[in-house]
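Subject: A structure for you to explore

Hi there,

Here is the structure I promised to pass on to you. Have a look around it, and then read on for what turned up.

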Amino acid sequence: MAEERDQTGASWGDLPQPDEYPEPHLEDGAVLNGEAKEKPTKHEPVKCKLNLLQMLKATESWSPPQSRDRYGAEKSEVGTGELVPEALKTGMQIQFTEQKPKFNKHSANTSCRSPAGSISQSIDSYSSVCSESEDESSPRDKPQKTSKGLSDFCIKNIKQAEFGRREIEAAQQEMPALMVLRKRACGEKPLAGAKVMGCTHVTSQTAVLIETLSVLGAQCRWAACNIFSTQNTVAAALAERGTSVFAWRGESEEDFWWCIDRCVGAETWQPNMILDDGGDLTHWIYKKHPDLFKKIIGIVEESVTGIYRLYQLSKAGKLCVPAMNVNDSVTKQKFENLYCCKESILDGLKRTTDIMFGGKQVVVCGYGEVGKGCCAALKALSAVVYVTEVDPICAVQACMDGFRVIQLREVVRQADMVITCTGNKNVVEREHLDRMKSGCIVCNMGHCSTEIDLLSLRTAELRWERVKPKVDHVIWPDGKRIVLLAEGRLLNLSCSTVPLFVISVTATTQALALIELYSAPEGRYKQDVYLLPKKMDEYVASLHLQTFDAHLTELTDEQTKYLGISKHGPFKSNYYK
């Protein structure tokens, strides 16, 4: 067998060997072979022993010629082209000295403060005011006032207003349509006299919408539709600018309904418009304030859960207010439900679990627009995706997109993750949870926490363990545990963020729906649920085209006559989805 050789052509046997190995390092007073070793004085140079030099030379001698000296010294040729540092070649003394840093005893000139120092101070200031470790106590009994004396609000900390204002200003850059709407309609004030009561996610995106409504003439009061999605800094910024906000991150269930009641129950302020996300505000006013409900001019609802409730009231003949179904508008379905969830699902899962998706078996319950977005994102990262569906049309779509459509009970034992996207209740029941393997992640991308049967998990034999914010382990008696995210509430807004630009589309749609209902002549809308006119859908989309530098093609007169539509739209019928 040929002798093994290194890259330079020399065999291992050709390497020069030192006469002896270097002596081991000894501490003061240590003894080797009966002889005590003395430590050199503090500043006495230490001379490398010959055998150590020989060993280092042996190491360097077979290094490839093109390699550079790690010591930074000039290289010189030795023997057959080998390179070694000059210090090793001559056996020179190597000086080891203690270099103590010198500090100026006098303070630096504060008038010449560096930018880095300013940034550091800003970060420290932000951390002190907006710390994640802030107390989790309810602010309900903590009196607060804005700089102008307003006290009709309840938020976590009004001192965070400055930082929330920065977030709102940053969000405005990614929400071009609302900013255009402000410029075009601020002179007309189409919402002058409107008193809008809202129950949505209190985030920087929603803040841009709220302040746009104020610019258009409306007065606003707001509560949160989700106990985990509120950005405390943004809520503070809204309150500081005069909006009565009742919301903070981490509300209890009791706090949630208390905030809605405080939002509604102002003696000197009665709403005439409702903007709802989930139907909780509408339901509360309908049940607790029936006389007030009859005076409402219009309701705008943007979630599938809230739309179900409105249709149920309409079917029972109890809906005495015209309502606009924003959830089923094309812009809401195609942009927020599809593209928003496609980007935000992975963000929420990564932030909470740090999971790797490749090869994981994931069950997505529901293949509507939200389910489609989630499945596409998971498939792109090589997860094995299964779909459950009740609608045969959506089921066929899932099959043609390459997903296996099955029942949850068929695959629940091997699933690594179960994601609900239906807007229904008890999609994942206790029998499914009992059969899941240990470590299975369970979360919800639909609107309400009712999709997962959490009540069945609040029993004596199961133990809940908080791992970190928004992540709980539910532990069975045999040690099995499932990972529950955001207590079954909306994952992306509870555990991460959503793309600003996509929310701009939905927020603009909501603003136009409010304007349409408020300014419509009497008799145009009856006591029923209506879809947003397609002309408005198309207008919202057109406001966002400039961001992409997109240019529409204009139909010719002949083409419009052939299609039987106007040159300026609407280009789709009202029933188009």
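One definition first: a contact here means heavy atoms within 4.5 Å. Please also keep in mind that this is a predicted model.

**How confident is the prediction?**

The chain has an average pLDDT of 82, and 76% of the residues score at least 70. Residues 1-13 have a pLDDT below 50, and this stretch makes 14 contacts in the model beyond near neighbours in sequence. Another stretch, residues 29-37, also stays under 50 in pLDDT, with 11 contacts beyond four places in sequence.

**The parallel sheet**

In one open sheet, 7 strands are arranged in the order β7-β6-β5-β8-β9-β10-β19, and the pairing is parallel. Which strands stand at its edges? They are β7 (244-246) and β19 (529-531); each has a single partner strand, so one side of each has no neighbour in the sheet. From one strand to the next, the twist averages 20 degrees.

At the β7 edge, strand β6 (residues 219-224) runs parallel to β7 and is joined to it by 3 bridges. You can find this pairing by looking for Trp222, which stands opposite Val245 in β7.

Helices lie against this part of the structure too. Helix α6 lies across β5 (195-200), β6 and β8 (273-276), and runs at about 160 degrees to β6. Helix α11 (residues 304-315) packs on the sheet as well, where it touches β9 (298-301), β10 (323-325) and β19. The direction of α11 makes about 140 degrees with that of β9.

**Helix α4 and its two partners**

Helix α4 (residues 161-173) is a good one to follow, starting with helix α6 (residues 204-215). These two helices pack at an angle of about 80 degrees, and their axes are 8 Å apart. Angles of 65 to 115 degrees count as roughly perpendicular, and α4 and α6 are therefore roughly perpendicular to each other. On the α4 side the contact is made by Arg165, Glu167, Ile168, Ala171 and Gln172, and on the α6 side by Ser204, Ala207, Val208 and Glu211. By class, the residues of this contact are 4 nonpolar, 2 polar and 3 charged.

Now turn to α4 and helix α7 (residues 232-240), which pack at an angle of about 100 degrees with their axes 7 Å apart. That angle makes α4 roughly perpendicular to α7. Here Ala161, Phe163, Gly164, Arg165, Glu167 and Ile168 of α4 meet Thr233, Val234, Ala236, Ala237 and Glu240 of α7. The contact of α4 with α7 has 6 nonpolar, 2 polar and 3 charged residues.

**Helices α8 and α9**

Helix α8 (residues 253-264) packs against helix α9 (residues 280-288) at an angle of about 65 degrees, and their axes are 11 Å apart. The crossing of α8 past α9 is right-handed. From α8 come Phe256, Trp257, Ile260, Asp261 and Val264, and from α9 come Asp280, Leu281, Trp284 and Ile285. How many of the residues in the contact of α8 with α9 are nonpolar, polar and charged? The split is 7 nonpolar, no polar and 2 charged.

**The mixed sheet**

Another open sheet has 8 strands in the order β13-β12-β11-β14-β15-β18-β17-β16, and its pairing is mixed. At the edges are β13 (404-405) and β16 (463-468), each with a single partner strand, so one side of each is left without a neighbour in the sheet. Strand β12 (residues 384-388) pairs with β13 in the parallel sense over 2 bridges. In this pairing, Tyr386 stands opposite Arg404 in β13.

**Some backbone details to look up**

Most residues other than glycine have a negative phi, and most peptide bonds are trans. With that in mind, three places deserve a click:

- Ser382 is not a glycine, yet its phi is positive, near 70 degrees. Ser382 lies in the loop between α13 (369-380) and β12.
- Ala486 also has a positive phi, about 55 degrees, without being a glycine. Ala486 is placed in the loop between β18 (481-485) and α17 (491-495).
- Gly569 and Pro570 are joined by a cis peptide bond, with omega about 0 degrees. Pro570 is in the segment after α20 (557-563).

Enjoy exploring, and do write back with questions.

Best wishes

Note on methods
Residues numbered from 1 in each chain as written. Predicted model: local features only at pLDDT ≥ 70, side-chain atom pairs only at ≥ 80, totals over all residues. Heavy atoms only, no water. Axes fitted to C-alpha atoms, helices over the stretch in contact; angles between N-to-C directions. Helix = DSSP H or I, 4+ residues; strand = E, 2+ residues; numbered from the N terminus. Parallel < 35°, antiparallel > 145°, perpendicular 65-115°, else oblique. Nonpolar A, V, L, I, M, F, W, Y, C, P; charged D, E, K, R; others polar. pLDDT = per-residue confidence, 0-100. Left-handed = near helix turned anticlockwise from the far one by under 90°. Pairing = 2+ DSSP bridges.
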